[in-house]
Amino acid sequence: MVVYAIGIRPRDSLAMTNDVIATAPRGGFVVNEHLETSADNVFAIGECASFKDFTYGLVAPGYDMAEVVARNLTTRKRQPRKAAFKGADMSTKLKLLGVQVASFGDPFADEIKHQPLVYRDPFSGIYKKYIFTKDGKKLVGGIQVGDTHDYAKLLSLVRSAKRLQSPPSELILGVQEQTDGNADALPDDTQICSCNNVTKGDIRSVIREKKCENVNQVKCFSKAGTGCGGCLPQVQEIFEVELKSLGQKVSNSLCAHFKYSRAELFTIGKVKQLKTFQDYSRHAGTQGSCEVCKPAIASILASLWNEHILNPALTPLQDTNDRYLANIQRGGLYSIVPRIPAGEITPHKLGVIASVAEEYQLYTKITGAQRVDLMGARKEDLPQIWEKLVDAGFESGHAYGKSLRAVKSCVGTSWCRYGQQDSVGFAITLENRYKGIRSPHKLKGGVSGCIRECAEAQGKDFGCIATDKGYNVYVCGNGGSKPKHAELLVADVSEELAIKYLDRFLMYYIMTADRLTRTARWLEKLEGGIQYLRKVVIEDELKIADELEAHMQQLIGTYQCEWTTVVRDPKRRKHFETPFVNEQDDAEERGLARGSPILIDMVSERGQLRPADWPKEVGPMPQVAMDIEEEESVLVGHESMFPIDEGKVIRVGEDIQIAVFRTEEQWYATQNMCPHKRALVLASGILGSADQQPYVSCPMHKKNFDLGSGQCLVPGEEEKYRLATFKVHVDAEGQVYLRLPPMHVLNDALSAKQTVIRQSMETSSCSGQAAGGGGCGNKLLEW
């Protein structure tokens, strides 16, 4: 057995020959705060002295003791107030038997009142134990064995008693680069796109073999990112890393029509005062547009000048959700989400929501953002629904836009016995401050009334957690497919300071982030990370804080509820309320008399209506049999009814919908139903061009279709999906005519009654009645 006795034994043998000098039970001469022994004019310092029954075995306390005695024997000899020894910090760093060891602060603090964090690496011979306060905000003490390189920094943190500006784990592990979460560090067999079962290896192969030049081409050839879109940031990372490995330059350009990044385009627009898409094309782009650059430029313009997004020059740029101020859902129906700041709502307003939902038979659900989602609204009903909501005091919740969604809160001091601050009131202040502000991606906030974090503020783009001194402000967190905890930006600040720093943070993000980049991914790519962000936002290292605050104030000052503006303006309401252009003048006679158009079968579930399920595979649509000799011209309206760079719908027969598109040079007409999921939505899609040939991007899943030929432009699906196209003629008086086949031919191929998704398509896999015949095992039956 080997026993190590670590410590020192005081040499106090002098006391044995002199009974006047008292010794302590554990040895050492007993001294008071002036280091005086029990014998007159006899002092003791260093390892032989016992102060409060404690003997110091380190040299630093001996120096402190010597300082006290020296002062009392010299400069303070005749002063009544003597220097006093109050004990010494036992923190030290040593080398014992070739091993670096250290201790600092109180390494043996009561673990019931404190929280230890232990790291042990037997391979490197390293052991660390750090003691923190229960909330992890202050370092109390610690022990280091084998690695003491950061001893001085840790000792400083303990002595200053300052709040930590980083997670406790970083003091042991250092700042983690999180490369394990980056797509380029994943193995090739990792599934990246779960919607279409696309692996990282599949994406890399497509990039090399197809010689992709941008992410849109990667999406087309691999189908990654063409479903829900949640994997696009990872697809972008893989694309950039693969290009670098091939020795090619990685371009951060917005798209083929703009060689600049979104951040560069934001700066160009601000400096040159660009107000329209045409301005951007002239000063920073090339001829043409697409479904990427139009919404991106629209977002930049909104972040710069904050005009109503449905102003005539801006409407064609908007994606479908923004174009109709509502999220498009299955079957071409829309959802409605009124703003409920911080989730606080009166019984009266709840009654208004219930009344509207019952009147229009809307499916209702409480959202994770403490709001109520009303789903299943027809586009033409949106203004009437919103008029009732606006009259009751509601505003747009902007669930459709890349902007602030909501600021979630707990009840705070309003009701909770643990609350430190009024979290509801502060959350309402923040939500009303930032509502409607367009950004590169959606924004979510949270305010928790205490450290229990009921509002999940650390999982939001910005969040505040109440303390007894104010709020800790966190930024750049998110949930979703790649969750990330927010980082602490600043601690213990007032509401006023929190707002000031959030103004700067949000505006800096809006100015510098790439399109469709959440704050968490933006911070990961920001050189210097959270430390650099603190320098910009808190310390104003770039000297742009005043500009950031002024720009934010301009956006706040020009806010308008987009739906309030629409429902109070008859012209804007027509954008929604007239589903068919050729029925504007006699809608009551021709349109309403025939009822609302069929969009999708609705089924009852748990007492509410929802759309019938989509089959996994939808059979091809019947083709329109075209015979030039049988075609006839049908008047559909005056050219003034068809805005340039947009699509409008006309209805012929009882339920046949045709989309008419007008570009700067040409007119086109196609079926309005996207053959992919049988949704009557194509007229709402964004128009773009490839090699001077215009196409429409379906708003449901972004499949592009050539307007001239009707061909699907997604690689590998050219023959799978195709649109019926029709000739358009405009006479000298501006009357617009379509060349259409006989009505029975159109009915056979495009009648909504025969082509929309029906509940009857959900056939049992053993019924043997699905398209293609056969019994069990038919692929068409795997819904």
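**A buried arginine in a spread-out model**

Colleague: Which side chain of opposite charge is nearest to Arg262, which has no salt bridge?

Modeller: This is a predicted model, so to speak of local features we need pLDDT of at least 70, and side-chain atom pairs count only at pLDDT 80 or more, while totals for chains, interfaces and linings use all residues. Arg262 is buried (under 20% relative accessible area, 1.4 Å probe, protein chains only). A salt bridge would need a side-chain nitrogen of Lys or Arg within 4 Å of a carboxyl oxygen of Asp or Glu. With Lys and Arg positive, Asp and Glu negative, and His and the chain ends not counted, the nearest opposite charge is 7.1 Å away, on Asp514.

Colleague: Which helix does Arg262 lie in?

Modeller: Residues are numbered from 1 along each chain as its sequence is written, and side-chain values use heavy atoms, without hydrogens or water. Helices are DSSP runs (H or I, at least four residues), numbered from the N terminus. Residues 262–272 form the one holding Arg262, helix α7.

Colleague: Which residue numbered 440 is in contact with Arg262?

Modeller: Contact means heavy atoms within 4.5 Å. Leaving aside neighbours within four places in sequence, the partners of Arg262 include Ile300, Ser303, Asp514 and Pro440.

Colleague: What is the radius of gyration of the whole protein?

Modeller: The protein has 22 helices and 31 strands (E runs of at least two residues). The globule rule, 2.2 Å times the number of residues to the power 0.38, gives 28 Å for 783 residues. The protein is more spread out than a compact globule, because its radius, taken over C-alpha atoms, is well over that, at 35 Å.

Conventions: Buried means under 20% relative accessible area, exposed over 50%, partly exposed in between (1.4 Å probe, protein chains only).
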